[in-house]
Amino acid sequence: MKQKYSSFTLATLLISILLASCAQWASDYRRDGFYLTQTAFESCEEPNNLNMVVELKNVRVHIVSDRKYFEWEKASAEDSRILGYATTANDIFVFGRKLGNQIVVNQAILGHELNHLLHYQNSMVANPDRLDIIEHELRAHGR
Ligand SMILES: [Zn+2]
C-alpha cells in the first residue's frame, strides 16, 4: 500500500528527530543530578538541633586525568571502575576534565569522597558507601 505524507507531517517528523537527537548540555545533567540528590537527601529524617562541626585538616585533593595517577592499586588498575576515592590521611583522588581553559571535577564524586573524610573524622556521619544498607535496615525494621 502506497502512503502519502504531507510536507507538514514530514517537517514535524524531521523536527522531532532533530530534537530527540540533541544531546543534553552538561549543565542540564548537573541540574538534574543536583535535584535528584537533594530529593534523596530530603527523604532522610530531619534531626533536632543538629549543629555539628567536623574539622578536616590538610585535605589534599588530587585531580587527575588518568587513573594511572591514582595511588591505590585497586583504583589505578586499567579495568577498575573506581571514579574516585578518599584515604584516612585526608587525600581525595578524583578525575578532572576541561571546560574551556578550566578544570572541572565531578561534584557528586568530590562530595562523596569528602563525605568519606567526614565519616573518618566522626563516625556519626554516615559512611556514604553504606547509605543503601542503612536505608534497607531501617525499612526492614519499619523505621
Ligand atoms: Zn565511597
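Start by selecting residues 91–99 and 102–105 in this predicted model. These are strands S3 and S4, which run antiparallel and are joined by four bridges. To see how the strands line up, pick Arg 97 and look across to S4, where Val 104 stands opposite. Now look at the turn of the hairpin, where two residues lie between S3 and S4. Gly 100 takes a positive phi there, near 65 degrees.

**Zoom out to the whole chain**

Show the full protein chain and colour it by secondary structure. You should find five helices and four strands. Going from the N terminus, their order is α-α-β-α-β-β-β-α-α. The chain has 143 residues, and buried residues make up 7% of them. Among contacts with a separation of 6 or more, 46% are between residues 24 or more positions apart.

**Step into the core**

Next, select Phe 70, Tyr 85, Ala 86, Ile 92, Phe 93, Val 94 and Leu 117 and show their side chains. Together these seven residues form the largest nonpolar core. Two elements, S3 and strand S2 (84–86), each give two or more residues to this core. Which of the elements gives the most to it? The answer is S3, with three residues.

Stay with one core member, Val 94, and display its surroundings. Leaving aside residues up to four places away in sequence, Val 94 touches Val 61, Ile 63, Gly 84, Val 105, Asn 106, Ile 109, Leu 110 and Glu 113.

**Compare two helices**

Select residues 107–121 to bring up helix H4. At 1.5 Å a residue, its 15 residues should span 21 Å, and the end C-alpha atoms are indeed 21 Å apart. Highlight Glu 113, His 116 and Leu 117, which are the buried residues of H4. Turn the view to look down the axis of H4: the buried residues fall within an arc of 95 degrees, so they line one face of the helix. What do these buried residues pack against? Follow them outward and you will meet S2 and S3.

Now move to helix H2, residues 26–42. Its 17 residues should span 24 Å at 1.5 Å a residue, which agrees with the 24 Å between its end C-alpha atoms. Is H2 tucked away or in the open? The number of buried residues in H2 is zero, so this helix lies largely in the open.

**Visit the loops**

From H2, follow the chain towards strand S1 (60–64) and stop in the loop at Val 53. Val 53 counts as exposed because it has 5 C-beta neighbours inside 10 Å. Draw a distance from the C-alpha atom of Val 53 to that of Leu 118: although 65 residues apart along the chain, these two atoms are separated by 9.7 Å.

Further along, select Asn 58, which also belongs to the loop between H2 and S1. Its phi is positive, near 50 degrees, in a residue other than glycine. Asn 58 is exposed, as 7 other C-beta atoms lie within 10 Å.

For the last stop, choose Asn 90 in the loop between S2 and S3. Asn 90 is not a glycine, yet it has a positive phi of about 65 degrees. Why does Asn 90 count as partly exposed? It has 16 C-beta neighbours inside 10 Å, and a residue would need 20 or more to be buried, or 12 or fewer to be exposed.

Conventions. Residues numbered from 1 in each chain as written. Predicted model: local features only at pLDDT ≥ 70, side-chain atom pairs only at ≥ 80, totals over all residues. Pairing = 2+ DSSP bridges. Contact = placed C-beta atoms within 7 Å. Core = buried A, V, L, I, M, F, W, Y, C linked by C-beta atoms within 7 Å. Expected span 1.5 Å × (residues − 1). Arc of directions from axis to C-beta.
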